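Keep the sequence and the model side by side as you read. The paragraphs below go from one helix to its partners, and then to the cores.

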Amino acid sequence: MTPSEIRKELLEQHASLRSKIDATRASAERWQRGEPAREELRSNLALLAEGVRAHNRREEELLREVIPGADAWGQARAEVMEESHVQEHKAIYEALIDAGAASEAAAGVPPVLKLLDAMLDHIQHEEASFLGADVLRDDAVTPDFFGG
Ligand SMILES: [Fe+2]
Ligand SMILES: [Fe+2]
């Protein structure tokens, strides 16, 4: 895959995660308003967790390959990715798995909303850093770096 193809795939996955985040937020807010939306929230959290798990796995796999070749700062980014990025993926996924456990909206909704905001921050940060068009450029790598 070329860097631009990798970038396109990951950005598409981000768009899909954003819509799952929006749906989850809508359920959480309905539950908070007293509507019987707890089960809907739990099912949206499960869908979101599954989407996040698949995306994180793919992102780690693709970026581990591409980042060191992408530009002069690539190696540093790759190291950041190995350390804090992968840990953040794990923390988000685990928090999503736990997030549906509360039985009262007053206790259950605020941590969900906080987690959704943290997920949006994570995605936004990625798009402003290593998923920028100036980083994942097709002309910045040697042709054989990806092994065809
Ligand atoms: Fe990520
Ligand atoms: Fe991502």
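Start with α4. This helix has 24 residues and reaches 34 Å from its first C-alpha to its last, close to the 34 Å expected at 1.5 Å a residue. The expected span is 1.5 Å times one less than the number of residues in the helix. Helices here are DSSP runs of H or I with at least four residues, strands are runs of E with at least two, and both are numbered from the N terminus.

A word on the source. This is a predicted model, in which local features need pLDDT of at least 70 and side-chain atom pairs count only at pLDDT 80 or more, while totals for chains, interfaces and linings use all residues. Residues are numbered from 1 along each chain as its sequence is written, and chains are lettered from A and ligands numbered from 1 in the order in which they are written.

Now the whole protein. It has 4 helices and 0 strands. Along the sequence the pattern reads α-α-α-α. Of the 148 residues, 23% are buried. Buried means that 20 or more other C-beta atoms lie within 10 Å of the residue's own; exposed means 12 or fewer, and partly exposed is in between, with C-beta atoms placed from the backbone. Contacts reach far along the chain: among those with a separation of 6 or more, 74% join residues 24 or more positions apart. A contact requires two C-beta atoms, placed from the backbone, to lie within 7 Å.

Back to α4 and its buried side. Ala-105, Val-109, Val-112, Leu-115, Leu-116, Met-119 and Ile-123 are its buried residues. Glu-127 also sits in α4. Glu-127 counts as partly exposed because it has 14 C-beta neighbours inside 10 Å. Its C-alpha lies 9.4 Å from that of Arg-7, although the two are 120 residues apart in sequence.

Arg-7 leads to α1. The 30 residues of α1 should span 44 Å at 1.5 Å a residue, and its end C-alpha atoms are 42 Å apart, which agrees. Its buried residues are Pro-3, Ile-6, Arg-7, Leu-10, Leu-17, Ile-21, Thr-24, Ser-27, Ala-28 and Trp-31. Ala-23, also in α1, is partly exposed, with 16 other C-beta atoms within 10 Å. Ala-23 and Glu-40 are 17 residues apart in sequence, and their C-alpha atoms are 9.6 Å apart. After α1 comes Gly-34, with a positive phi near 100 degrees.

How do α1 and α4 meet? Two packed helices are described by the angle between their axes and the distance between the axes. Here the axes come within 10 Å and cross at roughly 160 degrees. So α1 is roughly antiparallel to α4. Axes are lines fitted to C-alpha atoms, for helices over the stretch in contact, and angles run from 0 to 180 degrees between N-to-C directions. Angles over 145 degrees count as roughly antiparallel, those under 35 as roughly parallel, 65 to 115 as roughly perpendicular, and the rest as oblique. The crossing of α1 and α4 is left-handed, meaning that the near helix is turned anticlockwise from the far one by less than a right angle; clockwise would be right-handed. Among the residues making the contact are Leu-17, Ile-21 and Trp-31 of α1, and Val-112, Leu-116 and Glu-127 of α4.

Next, the cores. In soluble globular proteins, nonpolar side chains tend to be buried together. A nonpolar core is a set of buried Ala, Val, Leu, Ile, Met, Phe, Trp, Tyr and Cys residues joined through C-beta atoms within 7 Å. The largest one holds 18 residues, and Leu-45, Leu-48, Leu-96, Val-112 and Leu-115 touch the most other members. α1 (3-32), α2 (38-70) and α4 (105-128) each supply at least two residues of this core. α4 gives the most, with 7 residues. Leu-115 touches Ala-95, Leu-96 and Ala-99, not counting residues up to four places away in sequence. Apart from this core lies another, of 6 residues, including Ile-6, Leu-10, Phe-130 and Leu-136.

Finish at α2. Leu-62 belongs to this helix. Leu-62 is in contact with Ile-6 and Leu-10, leaving aside neighbours within four places in sequence. With 18 C-beta neighbours inside 10 Å, Leu-62 counts as partly exposed. Glu-60 is in α2 too. Its C-alpha is 8.4 Å from that of Glu-82, and the two are 22 residues apart in sequence.
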